[in-house]
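Please look over the chain below slowly, from one end to the other, before reading on. The paragraphs that follow lead through it step by step.

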Amino acid sequence: ATHALVGMSSGKIVLYKKRDWSVQHVLSGHDGEHGGVNCLAVHPTGKMALSGGRSDGKIILWDLMKGRLAFVHKLPPAPGSRGRRKATLTDLAWSADGQRYAFATDVGKITARDVNTGEDLLDVMLPSRANQISFIGGPEGLFLAAACDDGSLPVLAVGSLSDENEEAGARRAVMAIEPVDGPVAGDARFKCLKSVEGGSGFLVVTANSGGVVSLIDLEGAARMILSDDEDKAEGEGGQTGGGGSSDEDGDSSDEDGEEDIAAEFLESVRIGSGARITNLAVWSAASEGDGIIDGAYDMLETADVLDEEKGSDVEDDDLSVQEEDESVEEEPAKKKKQKIELTSRISGEKSREIEMDAEA
């Protein structure tokens, strides 16, 4: 990333260049008297951004290249307020392809829209406030995961841009983690949720009000939604075809397959003694077949090539030194163990160590 976008309680948004932290643009559009900017989401291209106000009910699209306001969408007043209280945006999110965006409000409303047409692809009201939302999924389907204040984690299907056969108003969802019964406190509230790029496309990192950060695989929840769609299609086909084998097929699938897990916790760690986490930043390290260490060695090899190219221009007085270096390089390479420490970027505590072979 070359720039940083910062939202202020004054209602202003400042775009910084990270190289020298110089100010590129100062954007004004939100009401500073009622809390200012509450959430930001930068488009995958880095050329646009969405911002949501804390209490002005505005979603603003910004042109970051020109540093100006491009579009303003005003949300309706909060339900039950008789028009006196404007909606509060709790989070905004872009899909990975930049063709859809979603927003959540403090009353539990979640909406996903098509960027080009403005059509609502998802518009639901959850029983609890959604603190953060994130797109997950892949070629088989697109979904929204939400971290809710009642401890629940719903996964909602987002209508496809090319899905013309979906019934109007039909919405599909799975409660990957059920809400807590009774008063919600401590570890129960999900405060943060971010998707992890790469992999299956269904990995998310969450943080709750008790300071526990978890890596969760939500592919099971998505499979449940997709299987429900397939079962519905097969059922309609069975009604027209008149076959009576659906029960037998269902029994055999229950016997052969294992019960799906909607949310699989892969890793969890508590930060300190239970720090209050307000936000998360998540990134993936490397592409398939390459790890962080492989990437580092590639950079070192590139540096060696550059050094060799520079060495070809040295003066004659340095030839003797080069010959000595070459004689050393002709010796057989020895293998050594390299120890890598994996540490927590938040707590600074050492988590584990890895040993690997590397050529000297």
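Two strands are said to pair if DSSP finds at least two bridges between them. With that in mind, we can begin at strand 6 of this predicted model, where W62 stands opposite L69 in strand 7. Strand 6 and strand 7 (residues 68–74) run antiparallel and are joined by 6 bridges, and the two form a hairpin with 4 residues between them, where G67 in the turn has a positive phi of about 70°. Strand 6 also has a partner in strand 5 (residues 48–53), to which 5 bridges join it, again in the antiparallel sense. Here M48 is the residue that stands opposite D63, and the hairpin made by strand 5 and strand 6 has 4 residues between the strands, with a positive phi of about 65° at G57 in the turn. Strand 6 itself, which spans residues 58–63, is mostly covered, since 5 of its 6 residues are buried.

Stepping back to the whole chain, the protein holds 4 helices and 21 strands. Of its 360 residues, 33% count as buried, and the area that the protein exposes comes to about 22200 Å², of which carbon and sulfur atoms supply 47%. Among the contacts with a separation of 6 or more, 44% are between residues that lie 24 or more positions apart.

Near the start of the numbering there is an open sheet of 3 strands, in the order 1-2-3 and with antiparallel pairing. Its edge strands, each of which pairs on one side only, are strand 1 (3–7) and strand 3 (22–28), and neighbouring strands of the sheet are turned by 20° against each other on average, direction ignored. Strand 2 (residues 12–17) is joined to strand 3 by 6 bridges, and in this pairing V14 has V26 as its bridge partner. The loop between strand 2 and strand 3 contains W21. Most residues other than glycine have a negative phi, and against that background W21 deserves a second look, as its phi is positive, at about 55°, although it is not a glycine.

Further along the chain, an open sheet of 4 strands follows the order 12-13-14-15, also with antiparallel pairing. Strand 12 (130–138) and strand 15 (173–177) are the edge strands, each pairing on one side only, and the average turn between neighbouring strands of this sheet is 25°, direction ignored. Within the sheet, 4 bridges pair strand 13 (residues 141–148) with strand 14 (residues 153–158), and A145 stands opposite V155 of strand 14.

Which residues touch the most other members of the largest nonpolar core? In this core of 22 residues, they are I136, F143, L153, V155, A176, I216 and L218. Strand 13, strand 14, strand 15, strand 16 (190–195) and helix 1 each supply at least two residues of the core, and helix 1 gives the most, with 4 residues. A second, separate core has 18 residues, including A104, V124, C148 and V158.

L218 gives a closer view of the largest core. L218 sits in the loop between strand 18 (212–217) and helix 1 (219–241), and it counts as buried because its relative accessibility is 0%, below the 20% that sets the limit for being buried. Beyond residues up to four places away in sequence, L218 touches I136, A145, L153, V155, A176, F202, V204, A262 and A263. One of these partners, A145, is 73 residues from L218 in sequence, yet the two C-alpha atoms are 8.6 Å apart in space. L153, with its neighbours within four places in sequence left aside, is likewise in contact with L218, and its other contacts include A145, V174, A176, F190 and I216.

Two further places show burial elsewhere in the chain. T105, in strand 9 (residues 100–105), is buried, because its relative accessible area is 3%, and apart from its neighbours within four places in sequence it is in contact with L75, T88, L89, T90 and A130. Among the cysteines, C39 is buried with a relative accessible area of 6%, and C192 is buried with a relative accessible area of 0%. A disulfide is a covalent bond between the sulfur atoms of two cysteines. How many disulfides does a search of the whole structure find? The search finds 0.

Key:
Residues are numbered from 1 along each chain as its sequence is written. This is a predicted model: local features need pLDDT of at least 70, side-chain atom pairs count only at pLDDT 80 or more; totals for chains, interfaces and linings use all residues. Side-chain values use heavy atoms; hydrogens and water are left out. Axes are lines fitted to C-alpha atoms, for helices over the stretch in contact, and angles run from 0 to 180 degrees between N-to-C directions. Buried means under 20% relative accessible area, exposed over 50%, partly exposed in between (1.4 Å probe, protein chains only). Contact means heavy atoms within 4.5 Å. Accessible areas come from the Shrake-Rupley method with a 1.4 Å probe; for residues, only the protein chains shown count as cover. A disulfide is a pair of cysteine sulfur atoms within 2.5 Å. A nonpolar core is a set of buried Ala, Val, Leu, Ile, Met, Phe, Trp, Tyr and Cys residues joined through side-chain atoms within 4.5 Å.
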